[in-house]
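User: Please take a close look at one part of this model for me. I want to follow how two packed helices fit together.

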Amino acid sequence: MTKEEAVRVLAILKAAYPNSYNGMTKEEATGTVAVLALQFVEISFDVVLMAVQKGISLKHVPQQHLIFSSVLFDPFLKEA
């Protein structure tokens, strides 16, 4: 996943969890994008997007590690 794609992921998370990201500064957003891009540099954007969508549908909280940690190891997503 690229930094540009990470920006898209952050936008989705902000839309799904507005209270969690309310008041996020530009510096915090930049840091979050950097963490997402680094954490998922070897994962395709499509797989990350599926993980985000699944995490939202399962009502996970927005923190990246909780949304992605188990979802990315889902056998369905590994094959994607």
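Analyst: Start with the length of H1 in this predicted model. At 1.5 Å a residue, its 14 residues should span 20 Å. The end C-alpha atoms of H1 are 20 Å apart, which agrees.

Now look at the sides of H1. Ala6, Val9, Leu10 and Leu13 are buried. They cover an arc of only 100° around the axis, so they sit on the same side of H1. Why can residues spread along a sequence share a side? An α-helix has 3.6 residues a turn, so residues three or four places apart point the same way. The face of H1 turned away from the buried side carries Glu4, Arg8 and Ala15, which are exposed.

Turn to H3. This helix has 14 residues too. From first C-alpha to last, H3 reaches 20 Å, close to the 20 Å expected. Its buried residues are Ala29, Thr32, Val33, Leu36 and Ala37. Seen down the axis of H3, they fall within an arc of 130°, so they line one face of the helix. On the other side of H3, Glu27 and Leu38 are exposed.

Next, put the two helices together. Two packed helices are described by the angle between their axes and the distance between the axes. H1, residues 3–16, and H3, residues 26–39, pack at about 115°. Their axes lie 8 Å apart. The crossing is right-handed. H1 brings Lys3, Ala6, Val7, Val9 and Leu10 to the contact. H3 brings Ala29, Thr32, Val33, Leu36 and Ala37. Of the residues in this contact, eight are nonpolar, one is polar and one is charged.

Key. Residues numbered from 1 in each chain as written. Predicted model: local features only at pLDDT ≥ 70, side-chain atom pairs only at ≥ 80, totals over all residues. Heavy atoms only, no water. Axes fitted to C-alpha atoms, helices over the stretch in contact; angles between N-to-C directions. Helix = DSSP H or I, 4+ residues; strand = E, 2+ residues; numbered from the N terminus. Left-handed = near helix turned anticlockwise from the far one by under 90°. Contact = heavy atoms within 4.5 Å. Nonpolar A, V, L, I, M, F, W, Y, C, P; charged D, E, K, R; others polar. Expected span 1.5 Å × (residues − 1). Buried < 20%, exposed > 50% of the residue type's maximum accessible area, 1.4 Å probe, protein only. Arc of directions from axis to C-beta.
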